[in-house]
Amino acid sequence: MKKILSALLAFGIYQSVVAQNVGIGTTSPNSSAALDVRSTTKGMLIPRMTTTQRNDITTPADGLLIYNTTTDELNQRQNNFWRIIIDDKYWAGGGSGQMYNIGDNVGINTSLPTERLDVNGNIRTNNSVIIDDASAILQLKSGNVNKGFIQLSGDNLRLGTNSGNVDGDIILRMNNTDMVSFRKIGSGGTFIQMNTNGVSAGVLQTTGDGNVSLSAVNANKLVQLGGEVFIDNTANRTGIGTSTPTERLHVNGNAIIGGGRITATGTGSAYNLLPLAYGRVNDNGSRAGGTPNFSCFKVSDGIYKVTVTGSTSSSVIVITPGNSRITRARYIGSEVFEIFTTTHEGEVFDSEFHFIIYNP
């Protein structure tokens, strides 16, 4: 009788296993699970074996699980390789690397991560990288030494080299060619090198006395300011309106000097060679031409008065008379010169004349 009951029970269980999902610890296994194990006091123990025993499994299927007693790790068969699923230190990666979990830090291919994310290798993304912080910084190192950085400072963006990197430049590179280099010189000075086809062509820098210097590096090359000013650093010449200056200052066109002086080495800086005024006066005392800062009139026969704005008793006047006359002049005050024209015999006679006045 017992044998009959055992056979019937075994047949019933076989029918339940074949026709339905298997439930252990439950009479209503989940319909999506082939095996549903439930317990609040016990766990599920999968096969345990050594690495050698694991490797002796014939044609292991992908997804096969074992507990490796040699390494004390949970192993899974994946893509024809045995992979470590998880332990208390790291997770298995999809390739040859591993992701280490040390405290609150995660390391990829490094077993001793020192930051929240520490990656030993390249990082690639097909989307944005966002650093959201008022003083966000991207620190660049070499041999674990800080070399350069990109930093957000309020509304400003800082790009530079770190303290201690005294030999490093900041180089702007375009289309695989170095275009502009920035360098610190002296005690806080700035040196900016500009290149053409990767070769230094010009330098803009601050000097030790606080000046700003712009110069061409190559011989026979010019510093050009707009399309008008050309500086030849090799010959120490400056051209205005000409790119081939032949003198220290070469002006191709008119020049206006307002309130300044022209001096020479021989005369010294105290003497001005720039005229204050130039004029031509007709024999009737009317203006015939000249600078706009003078007026004139005829007082009487052979006597004229010329008023020149800015003239003083120290002013020098040079007069050229017409018609072979003789002229003389005197300063009578209030910016006025009195001009006398006479014949060679001393007779007062009307005459046209030209004059130039200097304020030495």
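**Entry 1. Asn-197 and its loop**

I began with Asn-197, which sits in the loop between strand E16 (189–196) and strand E17 (199–206). The model I am reading is a predicted one. I looked up the backbone of Asn-197 and found phi near 55°, a positive value in a residue other than glycine. I noted for reference that most residues other than glycine have a negative phi. I then asked whether Asn-197 is buried or exposed. Asn-197 counts as exposed because its relative accessibility is 71%, and the cut-off for that class is over 50%.

**Entry 2. Ser-334**

I turned next to Ser-334, located in the loop between strand E28 (326–333) and strand E29 (336–342). Its phi is positive, about 55°, although Ser-334 is not a glycine. With a relative accessibility of 67%, Ser-334 is classed as exposed.

**Entry 3. Salt bridges**

How many salt bridges does the count come to? I recorded 6 salt bridges, and I looked up several of them individually.

I first examined Asp-36, which forms a salt bridge with Arg-38. The closest N and O atoms of this pair are 3.0 Å apart. Asp-36 is buried, since its relative accessible area is 10% and the class requires a value under 20%. Arg-38, in contrast, is partly exposed at 41%.

I then examined Asp-169 and Arg-183, whose side chains meet in a salt bridge at 3.1 Å, N to O. Asp-169 belongs to the loop between E13 and strand E14 (170–174), while Arg-183 belongs to strand E15 (residues 177–185), so this pair ties together parts that are 14 residues apart in sequence. I checked the accessibility of both partners. Asp-169 is partly exposed, with a relative accessible area of 28%, and Arg-183 is partly exposed as well, with 35%.

The next pair I looked up was Lys-298 and Asp-301, where the side chains form a salt bridge of 3.6 Å, N to O. Lys-298 counts as partly exposed at 27% relative accessibility, whereas Asp-301 counts as exposed at 52%. I also noted which residues are linked in a network of salt bridges: they are Lys-298, Asp-301 and Asp-350.

**Entry 4. Nonpolar surface patch**

I looked for nonpolar residues grouped on the surface. Val-129, Ile-131, Leu-138, Leu-140, Ile-150, Leu-152, Leu-157 and Leu-159 form such a patch, and together they have about 760 Å² of accessible area. Which elements give two or more residues to the nonpolar patch? I found strand E11 (137–142), strand E12 (145–153) and strand E13 (156–161).

I took one patch member, Leu-140, for a separate check. Leu-140 lies in strand E11. Its relative accessibility is 44%, and Leu-140 therefore counts as partly exposed. This value satisfies the patch criterion, because patches are made of residues with over 30% relative accessible area and no salt bridge.

**Entry 5. The largest pocket**

I next looked up the largest pocket, which holds about 620 Å³ of space. It is lined by 16 residues, and those closest to its centre are Leu-117, Val-119, Ile-123, Leu-138 and Gln-139. Two elements give two or more residues to the lining, namely strand E10 (117–119) and E11. Which element supplies the largest share of the lining? I found that E11 does, with 5 residues. By residue class, I recorded 9 nonpolar, 4 polar and 3 charged residues in the lining. I noted that Leu-138 is listed among the residues of the nonpolar patch and also among those closest to the pocket centre.

**Entry 6. Separations in sequence and in space**

I closed with two C-alpha pairs. Asn-21 occupies the loop between helix H1 (2–19) and strand E1 (22–24), and Asn-21 is partly exposed, with a relative accessible area of 24%. Asn-21 and Ala-34 are 13 residues apart in sequence, and their C-alpha atoms are 4.9 Å apart in space.

For the second pair I took Ile-185, which is in strand E15. Ile-185 is partly exposed, its relative accessible area being 23%. Between Ile-185 and Val-166 I recorded a separation of 19 residues in sequence and 9.4 Å in space, C-alpha to C-alpha.

Terms used: Residues are numbered from 1 along each chain as its sequence is written. This is a predicted model: local features need pLDDT of at least 70, side-chain atom pairs count only at pLDDT 80 or more; totals for chains, interfaces and linings use all residues. Side-chain values use heavy atoms; hydrogens and water are left out. Patches are made of residues with over 30% relative accessible area and no salt bridge: like charges are joined within 9 Å, nonpolar side chains (Val, Leu, Ile, Met, Phe, Trp, Tyr) within 5 Å. Accessible areas come from the Shrake-Rupley method with a 1.4 Å probe; for residues, only the protein chains shown count as cover. A salt bridge is a side-chain nitrogen of Lys or Arg within 4 Å of a carboxyl oxygen of Asp or Glu. Helices (H or I, at least four residues) and strands (E, at least two) are DSSP runs, numbered from the N terminus. Buried means under 20% relative accessible area, exposed over 50%, partly exposed in between (1.4 Å probe, protein chains only). On a 1 Å grid over the protein atoms alone, a cavity is a set of points where a 1.4 Å probe fits but cannot get out, and a pocket is an open set with protein on both sides within 12 Å along at least five of seven lines; lining residues have an atom within 4 Å of a point. Grid points are joined across faces, edges and corners, and a volume is the space filled by probe spheres set on the points. Ala, Val, Leu, Ile, Met, Phe, Trp, Tyr, Cys and Pro count as nonpolar, Asp, Glu, Lys and Arg as charged, and the others, Gly among them, as polar.
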